[in-house]
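Subject: The structure we talked about

Hello,

Here is the structure I promised to pass on. Have a look at it first, and then read on for what turned up when I went through it.

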Amino acid sequence: MKNEIKRRKTGNRAKMLLCTLFLILLAGCGAGGETGTDAGAQGTEKDNLKQAGLGAMSLLYDDSVWTYAEEESTDANLVFRGPGDAVLGISCSRESYYQHPLDMLNTAKQIYSTFPGYEEIEVPTEVQVQNDSWYEWVCRYEEDGVETIALQRFYGKNYYAYAVSYVAEKGEYDSGKNEALKVMNSAVMNVPDNHEAEEKAREFLTGEWDLGDSGYLVMEQDGTYIWYMDSSKDEQNMHRGTYGCDVENAAAGFAEGEGIYFVLFPEVLYMEGKEGKTGSPKYDYLISLEQQPDGSYQMLNGSTLALYNMKKQ
């Protein structure tokens, strides 16, 4: 009986941590689930599997292994109880800025690193699931002296963010891991694209921009960019990658025709010819379309609030 009580308490702690993580990940927009598949467990599928849906995600689970915890689920997340009182949770949100799974993963790291005994077990790794790219990460930590392990996957596409987590006590983790991965590997995404708005934004962005003391930004029609550290376009000092964009952003308070939003996803950085990585997997910027007397536009970093003057060449 004492062991059973301990197991239940451990499960409740894992559930509380999982819900805390979801709430922080969802805090950016204040709106829970999005249009798409209805949340919750649905009809029976092939091989005695059931289908669950959240937002634009659908997945399959074996209800002889996982029990859908309807009372613990919301419009923005689903909770399943499994072997050894393990928890399998799924969350979704529509955020203010474009998402990158590594940025979401870094947020999770910040949360888990505050717990005693925190240790990264497996570094972030890109995995392919049903032709979509996710990032997987595993860590361990302690809650009330109980060693716990969390396996998480993150997915981001334009404004949409998804996270799937398997959380279990260390002694029970291995016994439920494969069953959790079966659910994760069944995930099918149908997130809406933003192609029409992006094409409009690229009409403005495509070209070469002089940023004064902040360098030189070259944005291509194919969605790639290079940011040189100075106007000499020295390839020994620059970063490059891809970008996303939009002609409106409700969170920033501008409609189409008033501003441009774009986000850089750096892939490589060169400093004095040495290859490295930037400090963040993404950088968000907002441009006012109110042209300055010298023909330039004002560009704001959405995180640091640094202001730039950009002039098309």
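To start with something you can check on screen: which residues of strand 19 (residues 297-301) are on its covered face, and which are on its uncovered one? Tyr297, Met299 and Asn301 make up the covered face, while Gln298 and Leu300 belong to the uncovered one. Please keep in mind throughout that this is a predicted model.

Strand 19 has partners that are easy to trace. Strand 18 (residues 283-288) runs antiparallel to strand 19, and 3 bridges join the two. Ile287 has Met299 as its bridge partner there. With strand 20 (residues 307-312), strand 19 pairs over 4 bridges, again in the antiparallel sense, and Leu300 stands opposite Leu307 of strand 20. Strands 19 and 20 form a hairpin with 5 residues between them. In that turn, Leu305 has a positive phi of about 65°.

Now for the overall picture. The protein has 313 residues, and 47% of them are buried. Its secondary structure comes to 4 helices and 20 strands. Taking contacts with a separation of 6 or more, 51% are between residues 24 or more positions apart. The exposed surface is about 15200 Å², with carbon and sulfur atoms supplying 45% of it.

One sheet is worth a slow look. It is an open sheet of 7 strands in the order 4-5-6-10-9-8-7, with antiparallel pairing. Strand 4 (67-68) and strand 7 (119-129) are the edge strands, each pairing on one side only. As a reminder, strands of a sheet pair through backbone hydrogen bonds. Strand 7 is joined to strand 8 (residues 132-143) by 8 bridges, and the two run antiparallel. Within this pair, Glu126 stands opposite Tyr135 in strand 8. Helix 3 (residues 170-184) packs on the sheet. Helix 3 touches strand 6 (87-94) and strands 7, 8, 9 and 10, and its direction makes about 150° with that of strand 10. Helix 2 (residues 101-112) lies across strand 7, strand 8, strand 9 (146-157) and strand 10 (160-169), running at about 155° to strand 9.

Next, the nonpolar cores. The largest has 33 residues, and those with the most contacts inside it are Met57, Leu88, Trp134, Tyr162 and Tyr166. A second, separate core of 22 residues includes Leu205, Leu211, Tyr285 and Tyr308. Back in the largest core, what does Trp134 contact beyond its neighbours within four places in sequence? Its contacts include Met57, Val127, Phe154, Tyr162 and Met189, and also Glu126 and Arg153.

Finally, a residue I would like you to see: Asp246, found in strand 15 (residues 238-246). Is Asp246 buried or exposed? Asp246 counts as buried because its relative accessibility is 5%, and the cut-off for buried is under 20%. Leaving out residues up to four places away in sequence, Asp246 touches Tyr159, Asn194, Ala197, Ala201, Ile260 and Tyr261. With Asn194 there is a polar contact between the two side chains, at 3.2 Å. A polar atom of the Asp246 side chain also lies 3.5 Å from the backbone nitrogen of Glu248. Asp246 and Glu196 are 50 residues apart in sequence, yet their C-alpha atoms are 8.9 Å apart in space.

Best wishes

Technical notes. Residues are numbered from 1 along each chain as its sequence is written. This is a predicted model: local features need pLDDT of at least 70, side-chain atom pairs count only at pLDDT 80 or more; totals for chains, interfaces and linings use all residues. Side-chain values use heavy atoms; hydrogens and water are left out. A nonpolar core is a set of buried Ala, Val, Leu, Ile, Met, Phe, Trp, Tyr and Cys residues joined through side-chain atoms within 4.5 Å. Buried means under 20% relative accessible area, exposed over 50%, partly exposed in between (1.4 Å probe, protein chains only). Contact means heavy atoms within 4.5 Å. Two strands pair if DSSP finds at least two bridges between them. Axes are lines fitted to C-alpha atoms, for helices over the stretch in contact, and angles run from 0 to 180 degrees between N-to-C directions. Accessible areas come from the Shrake-Rupley method with a 1.4 Å probe; for residues, only the protein chains shown count as cover. A polar contact is a pair of N or O atoms within 3.5 Å; within protein, one must be able to donate a hydrogen and the other to accept it, and residues adjacent in sequence count only if both atoms are side-chain atoms.
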